[in-house]
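Trainee: Please give me a close look at one part of this model, the empty space enclosed by or open at the protein.

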Amino acid sequence: MAIDKERARRDILEITMRLLANGGLDAVKIRDIAKEANVSVGSIYNIFGDVDDLLRACNTQLLDDLGAQGAVAMQKAAQEGVDDVRGRLLVLARVYYDYVESHATAWTAMLAFNRAASNTETPEWYIVRQEMLFDLIGDVLRATPLAQDDETLAVAARALWSSVHGIVTNAYRSADQGQTNPDTWAQIDLLVTTFVRGIR
């Protein structure tokens, strides 16, 4: 009997996401996923290609979810009258900060996977997902002098994303080592405030 590939894909992704959230990369075992999804191991490879592609699909789901939450937060901020660049950037930073906090195990697993897979070519569909996140920041920065040059605007959006990402990642690395980092949000606020002052 042929399997419904779309349904199987959704089930496999859901199971893998749950495993990542509960136990990180070490919890992702293809045989366990196949058993729970009621498909063969071969079907998983047929649908996703290999384990890396399955993990990239999970990573993409996290990025899509984060992007959707960012877009909703921007709409809500607009309705609440948050229209200054600093305020809007802080809204996006808070979405990222809160998202990583609530998905810490899966997010950390994906960071580890991305570091390990850094020597392989990144698929175009994954790059597009990343660009959508950078575009949320770029849309905010269009209200600044950076909007005069699209290339500079794109670089600024990536730089700001990378900086906030670095602060949040360091905070979680410290937490893993038993240290607390209570000033993480203060660092983000200082970064965004200084960044905005610098481009005015």
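Mentor: What follows goes through the pocket, then the cavity, then one helix contact beside them.

This is a predicted model, in which local features need pLDDT of at least 70 and side-chain atom pairs count only at pLDDT 80 or more, while totals for chains, interfaces and linings use all residues. Residues are numbered from 1 along each chain as its sequence is written, and side-chain values use heavy atoms, with hydrogens and water left out.

The largest pocket has a volume of about 440 Å³. On a 1 Å grid over the protein atoms alone, a pocket is an open set of points with protein on both sides within 12 Å along at least five of seven lines, whereas a cavity is a set where a 1.4 Å probe fits but cannot get out; lining residues have an atom within 4 Å of a point. A volume is the space filled by probe spheres set on the points, which are joined across faces, edges and corners.

The lining of this pocket has 21 residues, with N59, L111, N114, Y126 and Q130 nearest the centre. Two or more residues come from each of α4 (51–79), α6 (104–116), α7 (124–141) and α8 (150–176); helices are DSSP runs of H or I, at least four residues, numbered from the N terminus. The largest share is that of α6, at 5 residues. By class the pocket lining has 9 nonpolar, 8 polar and 4 charged residues, where Ala, Val, Leu, Ile, Met, Phe, Trp, Tyr, Cys and Pro count as nonpolar, Asp, Glu, Lys and Arg as charged, and the others, Gly among them, as polar.

The structure also holds 1 cavity of 30 Å³ or more. About 190 Å³ of space lies in the largest cavity. Of the 15 residues that line the cavity, L92, A93, Y96, I137 and W161 lie nearest its centre. At least two lining residues each are supplied by α4, α5 (85–102), α7 and α8, and α5 gives the most, with 5. The cavity lining divides into 13 nonpolar and 2 polar residues, with no charged ones.

Helix α4, which contributes to the pocket lining and to the cavity lining, also touches α3. In that contact (heavy atoms within 4.5 Å), I44, Y45 and F48 of α3 meet V51, D53, L54 and A57 of α4. The residues of the contact divide into 6 nonpolar, no polar and 1 charged.
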